[in-house]
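Trainee: I should like to take a close look at a single part of this structure. Would you please guide me through it in one connected account?

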Amino acid sequence: MDHARVATDVLTYVGGAENITAAAHCATRLRLVLADLDKVDQKALDKDPDIKGTFIAGGMYQIIVGPGDVDHVFDRMIATGGVKEVSKDEAKQVAAQSGNLASRFIKMIADIFVPILPALIAGGLMMAINNVLTAEGLFGEMSLQARWTWLADYAGLINLISSAAFAFLPVLVGFSAAKRFGGNVYLGGAMGAAMVSSSLLSAYDMSNPEAAAKFWEFTGAAPSWQLFGLEVQKIGYQAMVIPIICVAYLLSVIEKQLHKRLSGTADFLLTPLITLLGTGFLTFVVVGPITRQLSIWITDGLDWTYNTLGPLGGALFGLVYSPIVVTGLHQSFPAVEIPLISDIANTGGSFIFPIASMANVAQGAVAIAVFLRTKDAKMKGLAGAGGVSALLGITEPAIFGVNLRLRWPFFIGVGSAAIGAALVSLFDVRSQALGAAGFVGFVSLVPKHIPAYLALEALVAVLAFSGTYLYSRTAKGAASLADGDVEDEAALEAQAEAIHERTAEGQPHEAVKAELPAEAAGDFSVTSPIEGRVVPLSEVEDAVFSQGLLGPGLAVIPSAGPVVSPVDGEVIVAFPSGHAYGIRAASGVEVLIHVGMDTVQLDGKHFSPKVHQGDVIRRGTPLVEVDWEAVKAAGYQIVTPIVVSNGDRFSGISEAGTRDASRGDALFSVNHG
């Protein structure tokens, strides 16, 4: 590789040194924080034979160059002047501060929700199933469970399981948000559990006087606490998002400050105690009342806007409905809807339900368009499941899993919902009951409004879908979908850590220089470095590997034992944490071994490295001892890709067909003819 040429061209392709806010590199990639992504010449980067791929992760534009070359290219870039060199962590900090306040807030929300998406997606789809079983008028006057009574128990159990993730959402968000803010995840989960305790009146019942009265009668407790001279209501935060995010942030700040000031036994005993005690009082005395009052103001403001401004008010309501769902404040809308429905003779019914349906269908339609257009396997799965769920009335999986992460589909959905909501107001479409705010929600509508409702739902779906589909065909839209460009640190940092950092300079070590047999120069075979089950790269949940951006190869799901060298050669990259290695075989084949997914975050825990950069080793030499069970218990996948990082020099690989491999069994051969 002509390192000077690549460095010069990369600077040109990314818009010049003046467009680079900060620059760092790891073992395989340049990590650039760019001022303006629109200045990137993506086509030129894609055509460059020495660049293996590009993607965006954590706000950084990352260019895959390869081990043994990326550091030389980076040095040439720095030598030209004008490029600010920083560490990887500093680059992350710079990237985290890029963009406006709104975009950083959206990114933070997406980061928090990515780990809990499976629970939300499953819950959303099960809610949709329950709605089909229990909705009256969907298959005639009677619901399915009323027609066939034996279905009632099944519907009840499905409803119980499906609602758990949403009713106890603060617990899940507490875990994830605490991790995002650098706090103890278990303390975050504990605070989330406190906010939905059975000792509190459920937020679902706060607008129902009868339910509230029964709760106080059953518990025998007063409806409020007297704390610091204030009357604090005993009301839970079921399905609410913003309160627990604020609480997790406060908890993390308090905990980190205590860790700095306490040590040893005092830190171990007092930090959790003081953190939970302080955060608990702040939660119920300050954070809760403020966010609840914010909810009241929003609902009152929306009611005034809709009834005063007509179609314009409807459009404004439709415009903000999905952003309100992001905050969780839409849970307070029943307080406005129930009186409207109860007094239907005078009010005509609820305007909130049909507008919510327009917004939900719009978010579902854009997710379906993403499903059809994206090339990223994981994104396709999220978009398909989340889109169907949203069309049936549950939008959280689509919003948090797809639309907010890509951003532009979310805004297209919001715009389409505004058009539909304006027409809802114009035709005065109203509901006579609560229900699933989606296509199946027509059963909740005033009967004479059902045709208009269904027509508007179809119109909004077409607008949202076509808008997303057309935008995805533009250069920027297509690039984001093709590269899995999701602005989400939690999901994409796994891609960003596809390989490892260089061994720290100055580490004392006596180099190993094994004698390699003469025939090693003509040996293009790669053997299994681990005992376990062999799987194709396509099954690795990391787009950098599954899409072959780092080269062809296979992966092994380990079952036991150490990781050994699969070739005779030189260790060219060895990260001190022991989670990944690069070896240049005597034949010239360069093999990358990444032990587990995202295991760099373990900082070497459960790994015992045996070799260092510069060592010349024989096939079968132990590279690292790994406590596989401990790694899995820590929440990390142990699947280990073995790829040919300089595969562009060869004509692919020939798999040996091994499925259950022992260390040293044939894995694949590199085609060199």
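**Leucine 309 and the nonpolar patch**

Mentor: Leucine 309 has a relative accessibility of 35%, and therefore counts as partly exposed. The limits behind that word are under 20% for buried and over 50% for exposed, so a value in between is called partly exposed. Please bear in mind that the model is predicted.

Leucine 309 belongs to helix 13, which covers residues 264-309. This leucine also takes part in a nonpolar patch on the surface, together with Trp304, Leu312, Leu316, Leu319 and Val320. The area of the patch is about 530 Å². Two helices, helix 13 and helix 14 (311-327), each contribute at least two residues to the patch. Helix 14 provides the largest share, namely four residues.

For a contrast in secondary structure, let us turn to a sheet. Three strands make up an open sheet, in the order 7-20-18, with antiparallel pairing. Strand 7 (525-527) and strand 18 (653-655) are the edge strands; each has a single partner strand, so one side of each has no neighbour in the sheet. From one strand to the next, the twist averages 25°. In general, the strands of a sheet pair through backbone hydrogen bonds, in either a parallel or an antiparallel manner. Here, strand 18 and strand 20 (residues 666-670) run antiparallel and are joined by three bridges. Within this part of the sheet, serine 654 has serine 669 of strand 20 as its bridge partner.

Terms used:
Residues numbered from 1 in each chain as written. Predicted model: local features only at pLDDT ≥ 70, side-chain atom pairs only at ≥ 80, totals over all residues. Heavy atoms only, no water. Pairing = 2+ DSSP bridges. Axes fitted to C-alpha atoms, helices over the stretch in contact; angles between N-to-C directions. Patch = residues over 30% accessible without salt bridge, like charges linked within 9 Å, V, L, I, M, F, W, Y side chains within 5 Å. Areas by Shrake-Rupley, 256 points an atom, 1.4 Å probe, with all protein chains shown as cover. Salt bridge = Lys/Arg side-chain N within 4 Å of Asp/Glu carboxyl O. Buried < 20%, exposed > 50% of the residue type's maximum accessible area, 1.4 Å probe, protein only.
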